[in-house]
Amino acid sequence: MRSPHRWRAVTLWTFALALAVLPIDVVAQTAEPVRASTGMVVSQHWLASDVGRDVLAAGGNAIDAAIATGFALAVVHPAGGNIGGGGFMVVRFPNGQTTAIDFREKAPLASFPEMWLDEKGEYSSDVHHRSAKSVGVPGTVAGFERAHKLYGDMDWQRLVSPAVAIAEDGFELSESLARSLAGFLERRARTPATVAQFSKDGTPYAEGETLRQPDLARTLRRIQGEGRDGFYRGETARLITEEMQRGDGIITRADLELYEARERSTIHGSYRGYEIISMPPPSSGGVAMVTMLNILEGFDLASLGHNSAPYIHLVSEAMRRAFRDRAHYLADADFVDVPVHELTSKAHGSKLRASIAADRASVSEPSDITMGYESPETTHYSVVDGNGMAVSVTYTLESGYGSGIVVSGGGFLLNNEMGDFNAGPGLTDDSGLIGTPANLARPQKRMLSSMTPSIVARDGRLVAVVGSPGGRTIINTVAQVILNVIDFGMNIQMAVNAPRIHHQWLPDRISIEGGGASAATVERLEAMGHTVRMGGGQGSANSIMIDPRTRDRLGAADPRRSDAGARGH
Ligand code: DON
C-alpha cells in the first residue's frame, strides 16, 4: 500500500475542470471513458478503485476485487461505504449465469409496525430516521463473506488487508470529503465517538490532512482474522450492543448472531434484444426498472431525440406507472407475496403502455398512497475482471453517514436503514407518509430498497455494468444510463454524464437536472399538463461498458460527485 496517499487521477481533474466551465450536456457529448484491456473497477473513491484494481492485477476475480473495494470504501468514503450498513451484489459469470447476494439489513427481533409512534400514538420522524431505533442489523460483512465463500478465489485476509492499512496509516482528505465531514459533524454527529472518529478533538479536518481511524482498523483486523464472526460475535458484537444500550437501540447479540446474507435469483428482463439482469426483492429496483423498460420498448424513443419534450413525457409516464406498482406490491418477498413474474411481464408492460396518452400527462392519485422521503447517500461500484466476470454492487448506510452513530471503540458508523420501512399501519397521508401493509416493520424482515445494481448482456456477451445511489431516483438513473446506451448509442461516459430526469408517481412532478432541458422543452411539458422542477444533481452511476469490437473495459466514473475514479489494468 502507498501511505499516505498523495496523488490523484489526471482524468478526474479533467472531468472536474470540464464541469466547472461547461454545461453538463456539453460534457456529455464530449466525454471519453477510461480504457483498459483486462480488468476495471469504478467506485466513488479512486483509492478504493486502486485497491480493487490491484486485486485484479494480482489474480483475484471480480468478486474478490468487489469485496476488497467494498472494505476500502468503508474507510475512504464514510458517507456511504460501510461495514455497518447493507446492500446488494449482482454477479454475471463468464458463462452467462447470474446470481445475486442480498446483504440488506434486517429488522431486529424486537421490531413491530408501530415502533415509530410515541406514547401518544403520534408518528415520530426523528425516531424513524434519526435514532438508535433506526439502525437495522448490518449485513455488509456477512454479505461479503458469503460472496467470498461461494465464488471468491483469493485469500480473505488479503482482501481485507488494504482497508486495514488505509485505516491505520490514514489517507489524505480531499477538499470535498473534508467539507462533507465538517458538515456532517456540525449537523448530524450523534455521539462523542462520532466526533472523535471524524475530527481532531472537535476541530474539523482540513483538505490535505490525514484521517487515521485506529478503532476501525482494529475492527477490520478482527474481520480479517475471523470473517463474519469478527463482526457478529465477540468484541465487535459486544461494542455494537453496548452502543445500542447507551442510545436506546434494540439490536441484541441474538440479532447479530441470526443475521444471514441470502443468495437470490436475479431479475431478468429484455429490452430491444439486450438482456437486463438486476436485483430482486427486497429491492424494488430490478422489478420497477424492467417494468419501465417493457413499457418503453413499444415506443421509438431514438426518433424523438434525447431529452426532447415527447421523450421526457413518455419516459416519465413509464416511471410514474412503475413507481405506482412499486408502492402497491413491493417489499421483502420472504414475508410478502410479490407478483414479480406478472410485474416484469411484457403483457403488463403493454397494458401500462396502452394507458399513456401521446401528448397529455396522466394524473397520480394521492388518495391511493403517497411516497416517503429517501435521503441522498449510498454508493455504487462496478467491477469487470479479465475473464469477463462482472460484479455490480450498491450498498448503503441509508442517509449520508447513516444514523450518525459511530460504535464507540469500533470506529464504524451504523446505518439508519429502518427508515426504509413504512411509517406505521394506516399512516398513508398527503404529507408523504406511507402506511400500506407490505413494507411494515416486522422482526427479521428486510426493509424495501430502491438500490438497482444491474448488468446488461447481449447474445451471451457482457455489455455493461451499471448502478447508482440516490434513493428512489436510483431506479430511474440506472434505466436512463441503459436507454442512453441502447437507444441513443452513447459511449458509457456520455451515457453516465447526460442529464437525467426523475418521476416517482408522487409527488406528481418531473425533476430534470440542471441543463437537462431547454426552456422551450419545459414549456411543452407544462402544456401537456406536467409539473416540472429543474435543477439539482441525480445519482452517481459509476459504470463499465465493454467495447463490442476490442472487448476492452471502458470505465466511467460519474463526474457529479467528487473523488470517484475508474481504474483499469
Ligand atoms: O435502500 C434504499 O433504497 C435507500 N436506503 C438508499 C438510500 C440512498 O440511495 C441514498 N443515496 N444516495
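**Close-up 1. A network of salt bridges links D102, R262, R264, D334 and R446 in this predicted model.** Side chains of opposite charge can pair when their charged atoms come close. One pair in the network is R262 and D334, whose side chains meet in a salt bridge with a distance of 2.9 Å from N to O. This pair links distant parts of the chain, since R262 belongs to strand β9 (residues 262-264) while D334 sits in the loop between α16 (309-329) and α17 (340-343), 72 residues apart. R262 is partly exposed, with a relative accessible area of 29%, and D334 is also partly exposed, with a value of 39%.

**Close-up 2. D508 and R320 form a salt bridge between a loop and a helix.** The closest N and O atoms of the two residues are 2.8 Å apart. Because D508 lies in the loop between β18 and β19, whereas R320 lies in helix α16, the salt bridge ties together parts of the chain that are 188 residues apart in sequence. The two partners differ in their surroundings, for D508 is partly exposed, with a relative accessible area of 27%, but R320 is buried, with a relative accessible area of 3%.

**Close-up 3. R53 and D50 form a salt bridge within helix α3.** In this view the closest N and O atoms are 3.3 Å apart. The two residues are three positions apart in helix α3 (residues 46-57), which means that about one helical turn separates them. R53 is buried, with a relative accessible area of 15%, and D50 is buried as well, with a relative accessible area of 2%. The salt bridge between R53 and D50 belongs to a total that comes to 31 for the model.

**Close-up 4. Three strands form an open sheet in the order β18-β19-β20, with mixed pairing.** The edge strands, each of which pairs on one side only, are β18 (501-502) and β20 (532-534). Strand β19 (residues 510-512) runs antiparallel to β18, and two bridges join these strands. Within this part of the sheet, I501 stands opposite I512, a residue of β19.

**Close-up 5. Helix α21 packs on the sheet of strands β18, β19 and β20.** The helix, made up of residues 519-527, touches β19 and β20. When the direction of helix α21 is compared with that of β20, the angle comes to about 155°.

Terms used:
Residues are numbered from 1 along each chain as its sequence is written. This is a predicted model: local features need pLDDT of at least 70, side-chain atom pairs count only at pLDDT 80 or more; totals for chains, interfaces and linings use all residues. Side-chain values use heavy atoms; hydrogens and water are left out. Two strands pair if DSSP finds at least two bridges between them. Helices (H or I, at least four residues) and strands (E, at least two) are DSSP runs, numbered from the N terminus. Contact means heavy atoms within 4.5 Å. Axes are lines fitted to C-alpha atoms, for helices over the stretch in contact, and angles run from 0 to 180 degrees between N-to-C directions. A salt bridge is a side-chain nitrogen of Lys or Arg within 4 Å of a carboxyl oxygen of Asp or Glu. Buried means under 20% relative accessible area, exposed over 50%, partly exposed in between (1.4 Å probe, protein chains only).
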